[in-house]
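Work through the exercises below with the structure open beside you, and try each task before you read its solution.

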Amino acid sequence: MSARKSARTVEVARGVHWLPLRGANAYFVHSGESWVLIDAGFPGCGRIIAEVAERLCGATGRPESILITHGHLDHVGSAVGLAAAWNVPILAPMGEMPFIDGTALYPEPLVAWLARVLPRRAMEALVRDSDLGDAVRPFEPQAGVPGLPEWACVPTPGHTPGHVAFFRPVDRTLIAGDAVLTMAWSSRLGGRGAGWLWDLVRRKPRLSGPPTIFTCNWRDAAASVVALAELDPWVLATGHGTPLAGRHAAPALGAFAARVAAASVC
Ligand SMILES: [Zn+2]
């Protein structure tokens, strides 16, 4: 038995286990007899995710699939290795496919900056490296959430074009990816203003929009925050930060969405 300290998970809603990883969150979600992993952390997180899977997922020791909210490296970094080790698919929203199949890079500020400073061949290599390979299977958000029949898929474009969130109406549990964050961050949606940097340093819970340099379309991102607030979540579990749960979650998200809507971001 390993002497390493076991990874800590917290059940933030019935059958929804939050796994805080280095720099990002992953969630194990139970449905019926099976499990799904939602998002897969940075590269190098595979071992800790696999260890948790062995503990949670019963006889098979693995989930049925790896579901992703979007294709950023901090959400898919360990997905390919885990998919191979578990022999399961990586299920990706259809709108994310060009950015994870080696076709294109995200239309985000970081990529625009890289295109200015890197030679064309280096950019072409980045495009090729974005290909997650044959384990990826696209799904249509309108068709529901593969493997999670109690859940709905909520298109939340803006941070990335095909970004989705996952929502379970029966107990209003929301897994929001990076459409909204439960931590201070530098974002055009709510990240500025007095104290955000200090809150970030202290890792103080605070709602924020998605990170500025990684976000593709601010008008869509603002509309997605408003759409998520309308779900009135009891649990708000995001890609970064500690999940919010309880009667304060929806009012906090509602107040944040009102500020975002009033700011008329474009
Ligand atoms: Zn992201």
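A salt bridge is a side-chain nitrogen of Lys or Arg within 4 Å of a carboxyl oxygen of Asp or Glu. The model used here is a predicted one, and by this rule the count comes to four salt bridges.

**Exercise 1.** Decide which parts of the chain the salt bridge between E150 and R14 ties together.

*Solution.* Begin with the distance: the side chains of E150 and R14 meet at 3.5 Å, N to O, and the cut-off is 4 Å. Next, place the two residues: E150 belongs to the loop between β7 (136–139) and β8 (152–155), while R14 belongs to the loop between β1 (10–13) and β2, so the pair ties together parts that are 136 residues apart in sequence. Finally, look at the accessibility: E150 is partly exposed at 34%, and R14 is partly exposed at 49%.

**Exercise 2.** For the salt bridge between D171 and R168, work out whether each partner is buried or partly exposed.

*Solution.* The two side chains of D171 and R168 meet at 2.7 Å, N to O. Buried means under 20% relative accessible area; R168, at 0%, therefore counts as buried, whereas D171, at 23%, counts as partly exposed.

**Exercise 3.** Describe the lining of the largest pocket by class.

*Solution.* Start from the space, which is about 1000 Å³ in the largest pocket. Of the 42 lining residues, the closest to the centre are F42, H72, L73, D74 and F214. Sorted by class, the lining has 24 nonpolar, 12 polar and six charged residues.

Conventions: Residues are numbered from 1 along each chain as its sequence is written. This is a predicted model: local features need pLDDT of at least 70, side-chain atom pairs count only at pLDDT 80 or more; totals for chains, interfaces and linings use all residues. Side-chain values use heavy atoms; hydrogens and water are left out. On a 1 Å grid over the protein atoms alone, a cavity is a set of points where a 1.4 Å probe fits but cannot get out, and a pocket is an open set with protein on both sides within 12 Å along at least five of seven lines; lining residues have an atom within 4 Å of a point. Grid points are joined across faces, edges and corners, and a volume is the space filled by probe spheres set on the points. Ala, Val, Leu, Ile, Met, Phe, Trp, Tyr, Cys and Pro count as nonpolar, Asp, Glu, Lys and Arg as charged, and the others, Gly among them, as polar. Helices (H or I, at least four residues) and strands (E, at least two) are DSSP runs, numbered from the N terminus. Buried means under 20% relative accessible area, exposed over 50%, partly exposed in between (1.4 Å probe, protein chains only).
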